[in-house]
Amino acid sequence: MVYVLLGTGFEEMEAIAPIDLMRRADIQVLTVGVTGKTVYGSHNIGIVADIEIGEMDLTAMEMVIVPGGLGGVASIRACKEAMEAVRFAWENGKYTAAICAGPTVLADLGITEGKNATCYPGCEGDMGNANMIPATACVRDGNLITGTSAGCATAFGLMLISALKGQEEADSIAKKIVIY
């Protein structure tokens, strides 16, 4: 199970594009409302989450994803259960992914220490001792996957598919959505 954490003010493209791509690859993905069942993104698009934070089954988790959006990131930081879910994923060898400002949440938990990572330009100061890889859409370092921005949401989604189902499946989805 892949869980995408949605807090008020999340960046819609960074959440929806990867969800859509993973579902096209037949990956089971659930959106998780951190701040309620209906969550509004940074551009006031409301999403009815599949489940709320208290309904997550951490033992079934393969991956947790933290989208960016400063409000969404703040909402996740403010939610003890959300932070514990991210920590649980990492400590139990699950894929832990974040994009844009989202990787700073992972840095707060020490997940990015000494790891290759990327984030939204300007957030590097909040990344602790991560080995920052600038000017790249997304970076994978073992079970850690980070992305740069909304403009990189498709590349990020394809990297998530590659991690979960292999590069061949990611390439197949890219071909189906006609990426040049």
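Two strands pair if DSSP finds at least two bridges between them. With that definition in hand, the tour can begin; the model on the screen is predicted.

**The whole chain**

Display the entire protein first. It contains 6 helices and 11 strands. Along its principal axes, the C-alpha trace spans about 40 × 35 × 35 Å. A compact globule with 180 residues would have a radius of gyration near 16 Å, and the value of 14 Å for this protein agrees with that. Colour the residues by accessibility: buried residues make up 53% of the 180. Among contacts between residues at least 6 apart in sequence, 63% join residues at least 24 apart.

**Strand S1**

Select residues 2-6, which form strand S1. Here 5 of the 5 residues are buried, so S1 is largely enclosed by the rest of the structure. Show the side chains next. In a regular strand, the side chains alternate between the two faces of the sheet. Val2, Val4 and Leu6 point one way from S1, while Tyr3 and Leu5 point the other way.

Which residue of S6 is the bridge partner of Val2? Select Met63, for Val2 is paired with Met63 in S6. In total, 3 bridges join S1 to S6, and the two strands run parallel.

**Strand S2 and its neighbours**

Move to residues 29-33, strand S2, where 4 of the 5 residues are buried. S2 runs parallel to S1, and 5 bridges join the two. Two of the pairs can be picked out by name: Tyr3 has Leu30 as its bridge partner, and Val4 has Thr31. Now trace the chain from S1 through H1 to S2; this β-α-β crossover is right-handed.

Add residues 51-52, strand S5, to the selection. S2 and S5 also run parallel and are joined by 2 bridges. Val32 stands opposite Ile51 in S5.

**The nonpolar cores**

In soluble globular proteins, nonpolar side chains tend to be buried together. The largest nonpolar core of this model has 32 residues, and those with the most contacts inside it are Leu5, Ile53, Met56, Ile76 and Val86. Select these five residues as a starting point. The elements that give two or more residues to this core are S1, strand S6 (63-66), helix H2 (70-77), helix H3 (80-91) and helix H4 (103-108). Which of the elements gives the most to this core? The answer is H3, with 5 residues.

Centre the view on Val86. Leaving aside residues up to four places away in sequence, Val86 touches Leu5, Val64, Val66, Thr96, Leu106, Leu109 and Ile111. A second, separate core has 30 residues, among them Ala25, Ile27, Met63 and Ile161.

**Helix H5 and Ala163**

Select residues 153-165, helix H5, and find Ala163 within H5. Is Ala163 buried or exposed? Its relative accessible area is 12%, and a residue counts as buried when this value is under 20%; Ala163 is therefore buried. Not counting residues up to four places away in sequence, Ala163 touches Tyr95, Arg140 and Ile145. Select Ala17 as well: from C-alpha to C-alpha, Ala163 and Ala17 are 16 Å apart in space, and they are 146 residues apart in sequence.

**Helix H6**

The last stop is helix H6, residues 167-176. Select Ala170, Ile173 and Ala174, which are buried. Seen down the axis of H6, its buried residues fall within an arc of 100°, so they line one face of the helix. An α-helix has 3.6 residues a turn, so residues three or four places apart point the same way.

Against which helices do the buried residues of H6 pack? Show helix H1 (12-24) and helix H5 (153-165), for these are the two against which they pack. Then rotate the view to the other side of H6, where Glu168, Lys175 and Lys176 are exposed. Finally, select Val178, just after H6: this residue takes a positive phi of about 60°.

Methods
Residues are numbered from 1 along each chain as its sequence is written. This is a predicted model: local features need pLDDT of at least 70, side-chain atom pairs count only at pLDDT 80 or more; totals for chains, interfaces and linings use all residues. Side-chain values use heavy atoms; hydrogens and water are left out. Buried means under 20% relative accessible area, exposed over 50%, partly exposed in between (1.4 Å probe, protein chains only). The arc is that of the directions from the helix axis to the C-beta atoms. Contact means heavy atoms within 4.5 Å. A crossover is right-handed if, with the strands pointing away from the viewer, the path from the first strand over the helix to the second runs clockwise. A nonpolar core is a set of buried Ala, Val, Leu, Ile, Met, Phe, Trp, Tyr and Cys residues joined through side-chain atoms within 4.5 Å. The radius of gyration is taken over C-alpha atoms; the globule rule is 2.2 Å times the number of residues to the power 0.38.
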